[in-house]
Amino acid sequence: MACINPDGTLSEVAKAVLAALRRPHRPEDLAATTGLPLYRIRATLRETGRARLVAERDGVYVLTELGEEALELDAA
Amino acid sequence: MDSLSSPQIPTLPRLGEPAPVFEAETTHGRLSLEDFRGSWVILFSHPADFTPVCTTEFIELAKVAPRLREKGVELLGLSIDSIYSHLAWIETIKEKFGQEIPFPVIADGDRKVAQLYGMMMPAQSGTETSRCVFFIDPNGVVRAMIYYPLTTGRNVDEIVRVVEALQLTDEQKVATPANWRPGDKVIVPAPRTVEDVAARKSAGHDYVDWWFTMTDAKR
């Protein structure tokens with residue numbers, strides 16, 4: 001999975017996206033916040049969604065508890 | 001012979017039809033065509049990393065990438081080389097030529113995307129993708145295609161010109177003449193009724209005949 005490196009750590013883009021998602025965002029706003037192209041945001045949301053690190057409701061994405069744990073583990 | 005036993009013959013995408021969908025490993029992570037929805041996409045294949053013609057193409061495409069992004073156009077490269085080869089080549093281009101490569105490149109080792117888009121030309125090479133360019137619009141429809149052989153580097157100005165012409169055509173419902181460049185006059189679609197043929201002469205365009213009128217593009 002591209003958002004998670006082979007050693008289990010988060011990719012740099014995944015870290016930036018998850019950190020930004022401590023506040024709910026729509027993909028377009030997330031692109032503006034992170035400075036990443038929208039296609040990378042969509043791909044990262046899909047991948048981190050499959051890993052249950054983020055959740056979506058009505059087009060708005062939020063960090064899950066698992067996502068928060070992943071960020072904390074990565075920072076440790 | 002029934003359809004189940006027929007050999008699978010790869011078909012090329014057709015203009016005006018939906019671009020074949022895919023999800024693939026790229027230098028920017030796993031991407032699907034759907035991730036680009038709402039943007040124009042120029043999907044292009046190259047024969048191999050660490051080869052000189054492809055390197056010159058990547059450098060020239062990278063130079064126009066910011067201008068294309070301002071126009072809502074994203075570049076997406078592809079070859080059958082591995083992600084690690086792509087990453088090493090991109091680093092080498094930066095180190096040797098001072099050019100960052102800002103667009104993702106698909107590692108299509110299993111040739112899935114290449115087969116979907118008819119990028120393999122077996123009479124030229126059984127192992128490398130040819131120099132193909134697909135122009136895909138924001139709705140995911142194939143709008144133009146260009147194919148070059150292995151030995152001929154692409155004209156990047158032409159690639160930019162084609163997408164600019166397609167965008168203008170969509171915005172203003174006009175056509176672009178041979179060798180059109182932005183700012184040149186455009187072709188007004190021919191009228192389709194006798195009344196409109198009669199009216200065309202006084203419509204204020206550059207009038208040669210009722211079926212051949214040109215005008216300035218709106219700004």
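Q: Is Gly8(A) buried or exposed?
A: In this predicted model, Gly8(A) lies in the segment before helix H1 (12-20) of chain A. The cut-off for exposed is over 50% relative accessible area. Gly8(A) has 52% relative accessibility, so Gly8(A) counts as exposed.

Q: What distance separates the C-alpha atoms of Gly8(A) and Ala32(A)?
A: Along the chain, Gly8(A) and Ala32(A) are 24 residues apart. In space, their C-alpha atoms are separated by 27 Å.

Q: Which residue forms a salt bridge with Glu68(A)?
A: Glu68(A) sits in helix H4 (residues 65-75) of chain A, and its partner is in the loop between H1 and helix H2 (27-34), 46 residues apart. At 24% relative accessibility, Glu68(A) counts as partly exposed. The partner counts as partly exposed too, because its relative accessibility is 48%. The closest N and O atoms of the pair are 2.7 Å apart, and the partner is Arg22(A).

Q: How much area do chain A and chain B bury between them?
A: The size of an interface is often given as the accessible area lost when the parts come together. The contact takes 9 residues from chain A and 14 residues from chain B. Of the buried area, 46% is on carbon and sulfur atoms, and the area is about 960 Å².

Q: Which residues of chain A lose the most area to chain B?
A: Chain A brings 9 residues to the contact. Three of these together account for 56% of what that side buries, and they are Tyr39(A), Arg42(A) and Arg46(A).

Q: How many salt bridges are counted between chain A and chain B?
A: Side chains of opposite charge can pair when their charged atoms come close. One such pair across the two chains is Arg50(A) with Glu23(B), the closest N and O atoms being 3.0 Å apart. By class, the side of chain A that touches chain B has 4 nonpolar, no polar and 5 charged residues. The count of salt bridges between chain A and chain B is 3.

Q: Which residue of chain B forms a salt bridge with Glu23(B)?
A: Glu23(B) is partly exposed, because its relative accessibility is 29%. Its partner within chain B is partly exposed as well, with a relative accessible area of 25%. The closest N and O atoms of this pair are 2.9 Å apart, and the partner is Arg30(B).

Q: What distance separates the centres of domain 1 and domain 2 of chain B?
A: Chain B has 5 helices and 10 strands. Its division is into domain 1 (23-154) and domain 2 (173-219). Taken over C-alpha atoms, the centres of the two domains are separated by 36 Å.

Q: What percentage of the residues in chain B are buried?
A: The C-alpha trace of chain B spans about 65 × 55 × 30 Å along its principal axes. Among contacts in chain B between residues at least 6 apart in sequence, 65% join residues at least 24 apart. Of the 219 residues in chain B, the buried share is 47%.

Q: With which side chain does the side chain of Thr213(B) make a polar contact?
A: Thr213(B) belongs to strand E10 (residues 212-215) of chain B. Thr213(B) counts as buried because its relative accessibility is 0%. Leaving aside neighbours within four places in sequence, its contacts include Val186(B), Ile187(B) and Tyr207(B). The polar contact, at 2.8 Å, is with the side chain of Arg200(B).

Conventions. Residues numbered from 1 in each chain as written. Chains lettered and ligands numbered in written order. Predicted model: local features only at pLDDT ≥ 70, side-chain atom pairs only at ≥ 80, totals over all residues. Heavy atoms only, no water. Contact = heavy atoms within 4.5 Å. Buried area = accessible area lost by both parts, 1.4 Å probe. Salt bridge = Lys/Arg side-chain N within 4 Å of Asp/Glu carboxyl O. Nonpolar A, V, L, I, M, F, W, Y, C, P; charged D, E, K, R; others polar. Domains from an automatic or database assignment. Helix = DSSP H or I, 4+ residues; strand = E, 2+ residues; numbered from the N terminus. Buried < 20%, exposed > 50% of the residue type's maximum accessible area, 1.4 Å probe, protein only. Polar contact = N/O pair within 3.5 Å; in protein donor to acceptor, adjacent residues only side chain to side chain.
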